[in-house]
Amino acid sequence: MNVFLIVGSGVWGVSTAYHLAKTVPQCRIILMERSTWAKQCGPSVDVNKIIRVEYEDPTYLHLAVRAQKVWRQDSFWSQFYHLAEKLTVGELESQKRIYAQMHQMGITDGARFLSIPETKQRYPDLQGMAFHDIQETYLNPDSGWADGTRALKQTIDECVELGVEQVHATASRILFDDKGDCLGVLTDEGDVVTATCTIIAAGAHTPKLLADSAPGRKGFRVEDRLMASGCVEAVVKLTAEQHSDMSNLPITIHDLGPIYGEVLPPNHEGHLKFASESTFLNAVYHPESRQKISVPPATDQIPISMKEESRRICSDIFGAKGQGWELESYRICWDSFAHDGSWIISPIPTAKHLYLATGGSFHSWKFFPILGELVCAMLDGTLDAPMQQKWHWDRDMGRGDGEVDKKPEREWRDLVDNIVDEGDGERGVGGGWKRLGGSCVVESFMGSKGGHLDGDGDGRPWCGEGGLVQGRKPSLQFVEPGAGACCV
């Protein structure tokens, strides 16, 4: 019997488990989740998510249209979907090219450009918006949003009903046989999960997992082709009266000023979510593989600068209307970002039985219902050749095909303030270094270098025919970075 091990239960991992369970008979599917819901820092766990179709890249445009159709028409997925207008405020040259493509496909459905007076008349809640010197906005009345966490949780429940096994553990290393082929993973508790097919869908934790697992293998070098990237989100809890008054609020993308941001309509609980589109990295040095990678930082604190950024987004969109609102909760959301903004749905050529489903790049949640179809097509060799090339691990990432406008240009270490350094090594100016897991110490915050932890341990675990078995725990305790890295 084939055993599929999926490491990560965000939208990539869950959608893959869902479609495998529906399409592959007589197989065993293990879905591994690294932490509790309260400690999730990935984009899959969220208040709500935008479901849009606008993409300049034709592949993503067609896939977005297909995914939106599933959200609206499928009996399972439609329960999470809400129709809403979407307003884009900013430089619209790219949007006009997208509109031309959509018009050729016959999917504009009332999409049009509005003057500023028309925009204010249509949306009274946005009278105080900072329009700067733009002359028009873009409206797509045929957009929508979906319940984030609720959709993910219920899809996991559906997977379990279909026979998927859920395991709560953190994968510390990928395991290989003497030929270099993948056997499964070692957990931070010293257990071994073996499989005939291992799919890494670990989001922002993927770069470090790859670097820790095979630091000397050229085909596993991450460098800047896959990076953990972060952004800040904040939530306002509206009163019942405020919620009623803002029932017609559009999804608003505000790409003007120093901080680009967005706001979604309030969900059924009255939560109004703001999200920054200005992303950042947390670059660290990984001594074992001698490369710099980006990983979620090992802190659950929200820097003051990030809170101020959220307030700025609120002010730019609502003006005086939002001045009395209290942003009651903040969250740093970390996703895996491919250098060209496109996905990675691919085998790793130098390790048989090992596959990647990652590179969400902050634009993949809307594809939740169909991501697993694409991964399954990659696994069975039926994925279209252009898509295989587009999403391959070893592709040339010099040309941006995905959401390259969201490419991170800032560093976490330049944004943090009043965060206590937790490292136990010699401190440099303005910061120090931390033990971030694996058998190494990596740079953090201000870029100081550390040394190595004591030894790798020689307890090589044994592997069964598939599934969760008890292995011998190595002498070194592995710790994944970023556990509890977000406030909810």
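The protein chain contains 10 helices and 25 strands. The model is a predicted one. Its mean pLDDT is 84, and 82% of the residues in the chain reach 70 or more. Residues 420–488 stay under 50 in pLDDT, although the model has 187 contacts beyond four places in sequence for them. Where pLDDT is low, the predicted coordinates should not be read in detail.

Of the 488 residues in the protein chain, 60% are buried. The chain exposes about 19800 Å², and carbon and sulfur atoms supply 47% of that area. Among contacts with a separation of 6 or more, 75% are between residues 24 or more positions apart.

**The open sheet**

An open sheet is formed by 6 strands in the order β7-β2-β1-β11-β21-β20, with mixed pairing. The edges are taken by β7 (165–168) and β20, and each has a single partner strand, so one side of each is left without a neighbour in the sheet. From one strand to the next, the twist averages 20 degrees. Helix α9 (residues 368–380) packs on this sheet and touches β1 (2–7), β11 (197–200), β20 and β21 (354–358). The direction of α9 makes about 20 degrees with that of β20.

At the β7 edge, strand β2 (residues 27–33) pairs with β7 in the parallel sense over 4 bridges. Glutamate 33 has histidine 168 in β7 as its bridge partner.

At the other edge, serine 346 is placed in strand β20 (residues 344–347). Is serine 346 buried or exposed? Its relative accessibility is 0%, so serine 346 counts as buried. A polar atom of the serine 346 side chain lies 3.1 Å from the backbone nitrogen of tryptophan 393. Beyond its neighbours within four places in sequence, serine 346 is in contact with Tyr355, Leu356, Met378, Trp391, His392 and Trp393.

**Strand β12 and its partners**

Strand β12 (residues 226–237) has 11 of its 12 residues buried, so it is largely enclosed by the rest of the structure. The table lists antiparallel pairings of β12, each with one residue pair.

| Partner of β12 | Bridges | Residue in β12 | Residue in partner |
|---|---|---|---|
| β19 (residues 327–338) | 11 bridges | methionine 227 | phenylalanine 337 |
| β16 (residues 280–281) | 2 bridges | glycine 230 | phenylalanine 280 |
| β15 (residues 271–276) | 5 bridges | valine 236 | leucine 272 |

Strands of a sheet pair through backbone hydrogen bonds, either parallel or antiparallel.

**Valine 263 and the β17–β18 hairpin**

Valine 263 lies in strand β14 (residues 261–263). Because its relative accessibility is 0%, valine 263 counts as buried. Apart from neighbours within four places in sequence, valine 263 is in contact with Pro250, Ile251, Thr252, Leu272, Lys273, Phe274, Ile317 and Phe318. Leu272, one of these contacts, is also the bridge partner of valine 236. Phenylalanine 318 is 55 residues from valine 263 along the chain, and their C-alpha atoms are separated by 9.9 Å.

Strand β17 (residues 283–286) and strand β18 (residues 291–294) run antiparallel and are joined by 4 bridges. Within this pairing, valine 284 stands opposite isoleucine 293 in β18. The hairpin of β17 and β18 has 4 residues between the strands, and arginine 290 takes a positive phi near 55 degrees there.

**Positive phi in loops**

Two loop residues remain to be described. Glutamine 26 is not a glycine but has a positive phi of about 50 degrees. This residue lies in the loop between α1 (11–23) and β2. What is the relative accessible area of glutamine 26? The value is 74%, and glutamine 26 is exposed.

Histidine 132, also not a glycine, has a positive phi of about 55 degrees. The loop that holds histidine 132 runs between α4 (116–122) and β6 (136–147). With 51% relative accessibility, against a cut-off of over 50%, histidine 132 counts as exposed.

Technical notes
Residues are numbered from 1 along each chain as its sequence is written. This is a predicted model: local features need pLDDT of at least 70, side-chain atom pairs count only at pLDDT 80 or more; totals for chains, interfaces and linings use all residues. Side-chain values use heavy atoms; hydrogens and water are left out. Buried means under 20% relative accessible area, exposed over 50%, partly exposed in between (1.4 Å probe, protein chains only). A polar contact is a pair of N or O atoms within 3.5 Å; within protein, one must be able to donate a hydrogen and the other to accept it, and residues adjacent in sequence count only if both atoms are side-chain atoms. Contact means heavy atoms within 4.5 Å. pLDDT is the predictor's confidence in each residue, from 0 to 100. Two strands pair if DSSP finds at least two bridges between them. Axes are lines fitted to C-alpha atoms, for helices over the stretch in contact, and angles run from 0 to 180 degrees between N-to-C directions. Accessible areas come from the Shrake-Rupley method with a 1.4 Å probe; for residues, only the protein chains shown count as cover.
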